[in-house]
Amino acid sequence: MSTVTTHILDTALGKPAAGVTIALEQNSPTGWQLLASGVTNADGRIGDLTPQPLAPGHYRLTAEIGDYFAADGRETLYVNAQIDFVIATTGHYHLPFLITPWSWSTYRGS
């Protein structure tokens, strides 16, 4: 079983992105199923996104970054950023989002 954590950094401003809605979904034979969602805090984090460990499988994290930039009056190209990933082994998966109005990226952290 594995846990997933994430955070969002607004690299254009050099600070955490607070107030961003993030959804965690799992792919199943009937389609994508919402497992959890939350809103990032002042540190750009959601403290309890996966309170229960996750089984191996196909998952995705979707961050509604368009709403975040709109709330700050900034134009953006992207409505959301999505990390589509597979958990194959047990362990911790820290998958942060690095965002700007014109780009986003991710990496597997610790």
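**Exercise 1. What pattern does the protein chain follow, read along the sequence?**

*Solution.* Let's begin with the ground rules. This is a predicted model, in which local features need pLDDT of at least 70, side-chain atom pairs count only at pLDDT 80 or more, and totals for chains, interfaces and linings use all residues. Residues are numbered from 1 along each chain as its sequence is written, and side-chain values use heavy atoms, leaving out hydrogens and water.

Step 1: Count the elements. There are 1 helix and 10 strands in the protein chain. Both are DSSP runs numbered from the N terminus: helices are H or I with at least four residues, strands are E with at least two.

Step 2: Put them in order. The pattern is β-β-β-β-β-β-α-β-β-β-β.

**Exercise 2. Find the radius of gyration of the protein chain and set it beside that of a compact globule.**

*Solution.* Step 1: The radius is taken over C-alpha atoms, and the globule rule is 2.2 Å times the number of residues to the power 0.38.

Step 2: For 110 residues, a compact globule would come out near 13 Å; the protein chain has 14 Å, which agrees.

Step 3: Add the outline. The C-alpha trace spans about 40 × 30 × 20 Å along its principal axes.

**Exercise 3. Work out which strands stand at the edges of the open sheet.**

*Solution.* Step 1: Write down the order. The open sheet has 4 strands, in the order 3-2-9-10, with mixed pairing. Two strands pair if DSSP finds at least two bridges between them.

Step 2: Look at the ends. Strand 3 (15-16) and strand 10 (103-106) each have a single partner strand, so one side of each is left without a neighbour in the sheet.

Step 3: Check one pairing. Strand 9 (residues 97-100) runs antiparallel to strand 10, joined by 4 bridges; Phe97 has Thr106 as its bridge partner.

**Exercise 4. Sort the residues of strand 1 into a covered and an uncovered face.**

*Solution.* Step 1: Recall a rule. In a regular strand the side chains alternate between the two faces of the sheet.

Step 2: Apply it. In strand 1 (residues 2-5), Ser2 and Val4 form the covered face, while Thr3 and Thr5 form the uncovered one.

Step 3: Find the neighbour. Strand 1 pairs with strand 8 (residues 91-94) in the parallel sense, over 4 bridges.

**Exercise 5. Describe the surroundings of Thr50, and say whether Thr50 is buried or exposed.**

*Solution.* Step 1: Locate the residue. Thr50 sits in the loop between strand 5 (31-39) and strand 6 (57-63).

Step 2: Use the cut-offs. Buried means under 20% relative accessible area, exposed over 50%, and partly exposed in between (1.4 Å probe, protein chains only). At 12%, Thr50 is therefore buried.

Step 3: List the neighbours. Leaving aside residues up to four places away in sequence, Thr50 touches Thr3, Val4 and Leu24; contact means heavy atoms within 4.5 Å. The Thr50 side chain reaches the backbone oxygen of Val4 at 3.0 Å.

**Exercise 6. Trace the network of salt bridges that joins Asp10, Asp72 and Arg74.**

*Solution.* Step 1: Define the link. A salt bridge is a side-chain nitrogen of Lys or Arg within 4 Å of a carboxyl oxygen of Asp or Glu.

Step 2: Take Asp10 and Arg74, whose closest N and O atoms are 2.4 Å apart. Asp10 lies in strand 2 (residues 8-10) and Arg74 in the loop between helix 1 (65-71) and strand 7 (81-87), so the pair ties together parts 64 residues apart in sequence.

Step 3: Add Asp72, which forms a salt bridge with Arg74 at 3.1 Å between the closest N and O atoms. These salt bridges share partners and join Asp10, Asp72 and Arg74 into one network.

Definitions and conventions: A polar contact is a pair of N or O atoms within 3.5 Å; within protein, one must be able to donate a hydrogen and the other to accept it, and residues adjacent in sequence count only if both atoms are side-chain atoms.
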